[in-house]
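Colleague: I would like to learn how to read packed helices and enclosed spaces in a model. Could you take me through them one at a time?

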Amino acid sequence: MSSENIQMVDVKSQYLKIKEEIDQGIQDVINSCQFINGPKVKEFQASLESYLDVKRVVPVANGTDALQIALMALNLKPGDEVIVPAFTYVATAEVIGLLNLKPIMVDVDPNTFNLTAAIFEKAITEKTKAVVPVHLFGQCAEMEGIMKIANAKGIFVIEDNAQAIGSDYIFSNGKNQKSGTIGHIGCTSFYPSKNLGCYGDGGAIFTNDEALGEKIRMIANHGQSKRYYHDLIGCNSRLDSIQAVVLNEKLKHLDAYNIARQKVAQNYDNAFSSLENVEIPYRDKSSSHVFHQYTLKVKQNKRDELKSFLADKNIPSMIYYPVPLYEQKAFSAFANSVELPVTHALCQEVISLPIHTEMMKETQDYIIDHVRQFFNA
Ligand SMILES: *Cc1c(COP(=O)(O)O)cnc(C)c1O
């Protein structure tokens, strides 16, 4: 049943449910001809500030720009060290190298796949100026501990929230805060397949520090304080009005979208928790999980075999990520001499299954049956 055209992410079926609003909004932008910095962008900025309960949102052109601009706002000097997990998408570390800063790649927790306070603390030197925890696959890194250490040492924290928008971090006193709003700066991407995705490229930066927010806004706009007065070397990074329309509509549904993903994840968990040689995603009690990816760990070198078994049944799967950052050619100049054992192992063990907001029960069952069949269950 239902093996036709299974996709990792189904953006089309999601669009069809909000087609009228999206089409009308896009047509309105075209009619207004306010393609750049129009009212739709400001509207989205305000809705996102209120959803996240954060003082300042600066919409930008993509998630990579968001990370770069965040680093540019910190007055760092060439050679300053920025701690970053080695198990992440390349963008997180790339912008550090691009700005002539030094990425210090560190290992992650084998359960959460995320940076921990203990790993962060061990990597700190006199040159450490910033750290970029990544909330990988939809679950928050250990922000409370990370912030405590960072604040004590005067280290900036930039959250890479590209995969976890909408998730809640739960502090030990029970207080909740949206991911991306806990560090000094948070960054996200609105790439179409992200939990809040537009129909092109987009990104945003968040901060509760008004002065920093103003500086970030200036950097994203040619360092301009007022028109044609440039106080800083900046760049040009804008979210366009058409993307803002899409995002504003989809933001209304973000919580429902994340709940839909959680339901798929729960269904997978129930089916896979008893399998031998498989570990289902760990649920950290300090974070809700919004399942940007549903990622299994497969032991005994069976991961690649499972992947091709599923491909034969028309079930796509992805390996996020197959190569640790320190093994990438581009980072050879920065690679630590130490190998990072958890990152190394995860690159051999992880496999992400299709998960999205419109996933039919029959499709889930089809995938479940075949994964179980592979393990003779
Ligand atoms: C997607 C992603 C980015 C980059 O976002 P773009 O919009 O593609 O530039 C950065 N970090 C992580 C963890 C991501 O998943």
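**Reading spaces and helix pairs**

Modeller: Let us begin inside, with the residues that line the largest cavity: Val9, Asp10, Val11, Gln14, Pro192, Ser193, Lys194, Asn195, Lys250, Arg261, His356 and Thr357. Please keep in mind throughout that this is a predicted model.

Colleague: How much space lies in the largest cavity, and how do the residues of its lining divide by class?

Modeller: The space in the largest cavity comes to about 70 Å³, and its lining divides into three nonpolar, five polar and four charged residues. When the whole structure is searched, two cavities of 30 Å³ or more are found.

Colleague: Turning to the largest pocket, which residues lie nearest its centre?

Modeller: A cavity is a space from which the probe cannot get out, whereas a pocket is open. Here the largest pocket holds about 560 Å³ of space, and of the 31 residues that line it, Tyr89, Gln163, Ser189, Tyr191 and Lys194 lie nearest the centre. The elements that contribute two or more residues to this lining are H4, H5 and strand E8 (185–189), and by class the lining has 16 nonpolar, 12 polar and three charged residues. Lys194 is also among the residues lining the largest cavity.

Colleague: H4 and H5 have now come up, so how should I read a pair of helices, and at roughly what angle do the axes of these two cross?

Modeller: The general idea is that two packed helices are described by the angle between their axes and by the distance between those axes. In this model, the axes of H4 (residues 63–72) and H5 (residues 91–98) come within 9 Å and cross at roughly 45 degrees, and the two helices are therefore oblique to each other. Their crossing is right-handed. On the H4 side, Thr64, Leu67, Gln68 and Leu71 meet Ala91, Thr92, Glu94, Val95, Ile96 and Leu98 of H5, a contact that has six nonpolar, three polar and one charged residues.

Colleague: What, then, is the arrangement of H10 and H13?

Modeller: The axes of H10 (residues 254–272) and H13 (residues 361–374) come within 10 Å and cross at roughly 30 degrees. Angles under 35 degrees count as roughly parallel, so H10 is roughly parallel to H13. This crossing, too, is right-handed. The contact is formed by Val264, Asn267, Tyr268, Ala271 and Phe272 from H10, together with Lys361, Gln364, Asp365, Ile367, Ile368, Val371 and Arg372 from H13; by class, these residues divide into seven nonpolar, two polar and three charged.

Conventions:
Residues numbered from 1 in each chain as written. Predicted model: local features only at pLDDT ≥ 70, side-chain atom pairs only at ≥ 80, totals over all residues. Heavy atoms only, no water. Axes fitted to C-alpha atoms, helices over the stretch in contact; angles between N-to-C directions. Helix = DSSP H or I, 4+ residues; strand = E, 2+ residues; numbered from the N terminus. Parallel < 35°, antiparallel > 145°, perpendicular 65-115°, else oblique. Left-handed = near helix turned anticlockwise from the far one by under 90°. Contact = heavy atoms within 4.5 Å. Nonpolar A, V, L, I, M, F, W, Y, C, P; charged D, E, K, R; others polar. 1 Å grid on protein atoms, 1.4 Å probe; cavity = no way out; pocket = protein on both sides within 12 Å on 5 of 7 lines; lining within 4 Å. Points joined across faces, edges and corners; volume = space filled by probe spheres on them.
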